[in-house]
Amino acid sequence: MMTFEELRELDSRYVVQSYGRNPIAIDHGHGSTLYGVDGREYIDFASGIGVLSVGTAHPKWAAAVAEQADRLGHVSNLYYSQPYIRLAESLCTRSGMAAAFFGNSGAEGNEGLIKLARKYSWEKYGEGRGTVITLDRSFHGRTITTLAATGQDVFHKYFFPFTEGFRRAAPDLDSIRQAAGHDVCAVLVELVQGEGGVLPLERGFVQDLAKLCSDRDWLLLVDEVQTGIGRTGSLFCFQQYGIQPDAVSFAKGVAGGLPMGGLLVNERCRKVFGPGDHASTFGGNPVSAAAACAVLDILDDETIGKVEEKGRYLRGAIEAMDLPCLGKTRGMGLMIGVEVAEGSSNKELCAALNQGGLLSLTAGPGLRFLPPLTITKEEMDKGLAIMETVLSRSKGAHHG
Ligand SMILES: *Cc1c(COP(=O)(O)O)cnc(C)c1O
């Protein structure tokens with residue numbers, strides 16, 4: 001096996017250096033425990049980036065992937081096959097949505113939402129109603145269109161011209177009303193903004209927004225790429241907000257590590273896409289879909305029911321450490337944001353945690369933890385112990 005140094009050397013020579021990688025090479029793992037190429041143990045509070053919803057190498061997931069790979073690894077969308085159909089049925093039944101479309105990533109799911117809203121509106125009202133309102137601090141992906149939709153200026157550089165037809169608003173009804181116009185067809189939101197800093201939208205605002213959308217015949221589009229598949233304590237986060245979106249995107253956690261994304265539509269949007277309107281060569285891939293069916297079997301109501309409690313346990317323990325470098329915690333379920341005190345850098349703290357054996361993430365100006373939903377109490381406690389040791393050594397805010 002190659003050593004970390006050999007891997008780093010080859011990576012720098014042959015791979016486009018578009019990622020700021022941690023100096024760690026992961027080899028294998030079980031559940032929420034991973035092992036480096038040097039045999040070192042890491043506790044996983046990141047799940048990739050919210051992807052490993054059932055942890056690493058879950059036996060049911062691994063068996064489903066192996067069996068499907070052995071039977072049928074690909075078939076085009078010009079034919080029927082069982083895995084994507086079972087998956088669509090399961091997602092719709094458990095979410096109350098009407099129908100699914102499958103692609104490969106979060107950005108592709110969101111592109112689908114935007115195309116859906118524009119076609120819905122075109123068919124009803126004709127040209128000139130293609131604008132989608134998105135929120136400050138949102139993140140919707142890395143394609144030219146989803147970057148344009150992303151409500152953070154740092155993403156709007158170099159790649160001009162961006163796609164037209166996006167207008168930004170603050171997460172309050174007045175700001176949305178100001179952004180409104182006769183050209184609007186939809187509002188796209190993350191209910192808990194992930195990359196922006198783990199910022200849950202206010203329940204009252206979301207319910208008012210749903211009403212405004214229905215009054216104006218705008219589609220309410222929810223980006224559940226990060227919040228979906230149990231992450232916040234229900235299969236989809238919208239189920240806790242008391243709203244019924246017109247369409248929802250999903251990706252990260254859905255196939256437990258294999259590439260898959262897509263969208264769910266409600267009854268009124270079921271017929272918007274007809275043959276030829278939207279497609280994806282790899283969409284609904286049998287191996288990814290079989291993996292996703294296994295993920296949904298593992299994440300039954302009882303397992304998802306424990307997510308809220310696990311999140312509360314972690315947040316309580318982090319706050320009880322009372323570390324000078326950290327501030328308040330926030331989030332929903334196992335999507336946890338932690339404020340970083342003035343004078344400390346979230347990037348430095350995150351790097352120290354990773355080096356200390358706890359895989360962690362940043363979001364906005366804070367830290368972010370997205371452990372596998374199947375994480376055990378023992379693994380949580382190991383991770384918390386690492387956090388306390390590493391961060392009580394780190395230079396915190398020394399003022400007051
Ligand atoms: C990660 C993420 C995306 C982009 O997903 P990709 O699979 O990287 O394209 C979009 N929206 C949200 C909310 C995300 O967290």
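Two strands count as paired if DSSP finds at least two bridges between them. The model treated in these exercises is predicted.

**Exercise 1. The neighbours of strand β12**

Determine which strands pair with β12, and which residues stand opposite Leu264.

Solution. Begin with strand β4 (residues 99-103), which pairs with β12 in the antiparallel sense over five bridges. Within this pairing, Ala100 has Leu264 as its bridge partner in β12. Next take strand β11 (residues 247-250), which also runs antiparallel to β12 and is joined to it by four bridges. Here the residue standing opposite Leu264 is Val248. Leu264 is thus matched with Ala100 of β4 and with Val248 of β11.

**Exercise 2. The two faces of β12**

Decide whether the residues on each face of β12 are buried or exposed.

Solution. The step to start from is that side chains in a regular strand alternate between the two faces of the sheet. In β12, Gly261, Leu263 and Val265 lie on one side, while Gly262 and Leu264 lie on the other, and all of these residues are buried, so that both faces are covered. Since five of the five residues of β12 (residues 261-265) are buried, the strand is largely enclosed by the rest of the structure.

**Exercise 3. The orientation of helix α8**

Work out which residues of α8 are buried, and what lies on the face turned away from them.

Solution. First consider the helix as a whole: α8 (residues 203-216) has 14 residues and reaches 20 Å from its first C-alpha to its last, which is close to the 20 Å expected at 1.5 Å a residue. Its buried residues are Phe205, Val206, Leu209, Leu212 and Cys213. Because these residues cover an arc of only 120° around the axis, they are on the same side of α8. The face turned away from this buried side carries Lys211, Ser214 and Asp215, which are exposed. To complete the picture, the buried residues pack against β5 (131-135), α7 (173-179), β7 (184-189) and β10 (219-223). Just after the helix, Asp217 takes a positive phi of about 55°.

**Exercise 4. Cysteines without a bond**

Establish how many disulfides the model contains, and why Cys185 and Cys237 are not bonded to the closest cysteine sulfur.

Solution. The cut-off needed here is that a disulfide requires two cysteine sulfur atoms within 2.5 Å. For Cys185, the closest cysteine sulfur is that of Cys213, and because the distance is 10 Å, the two are too far apart for a bond. For Cys237, the closest cysteine sulfur is again in Cys213, at 16 Å, which is likewise too far for a bond. The count of disulfides under this rule is zero. As for their surroundings, Cys185 is buried at 0% relative accessibility, and Cys237 is also buried, with a relative accessible area of 0%.

**Exercise 5. Two hairpins**

Identify which residue takes a positive phi in the hairpin of β1 and β2, and which does so in the hairpin of β16 and β17.

Solution. Strand β1 (residues 26-30) pairs with strand β2 (residues 33-36) in the antiparallel sense over four bridges, and His28 has Tyr35 as its bridge partner in β2. Two residues lie between these strands, and in this hairpin Gly31 takes a positive phi near 60°. Turning to the second hairpin, strand β16 (residues 361-363) is joined by three bridges to β17, with the two running antiparallel, and Ala363 has Gly366 as its bridge partner. This hairpin has two residues between the strands as well, and Gly364 takes a positive phi near 55°. Finally, β17 (residues 366-369) pairs with strand β14 (residues 335-340) in the antiparallel sense over three bridges, where the bridge partner of Val338 is Leu367.

**Exercise 6. Gly73 and the domains**

Locate Gly73, and describe how the two domains are placed relative to each other.

Solution. Gly73 lies in the loop between α3 (59-71) and α4 (82-95), and at 35% relative accessibility it is partly exposed. Apart from its neighbours within four places in sequence, Gly73 is in contact with Gln68, Asn285, Pro286 and Val287. The chain is divided into domain 1 (4-53 + 303-393) and domain 2 (60-298). The centres of these domains, taken over C-alpha atoms, are separated by 26 Å, and 25 residues of domain 1 are in contact with 28 residues of domain 2.

Technical notes: Residues are numbered from 1 along each chain as its sequence is written. This is a predicted model: local features need pLDDT of at least 70, side-chain atom pairs count only at pLDDT 80 or more; totals for chains, interfaces and linings use all residues. Side-chain values use heavy atoms; hydrogens and water are left out. The expected span of a helix is 1.5 Å times one less than its number of residues. Buried means under 20% relative accessible area, exposed over 50%, partly exposed in between (1.4 Å probe, protein chains only). The arc is that of the directions from the helix axis to the C-beta atoms. Contact means heavy atoms within 4.5 Å. Domain bounds come from an automatic or database domain assignment.
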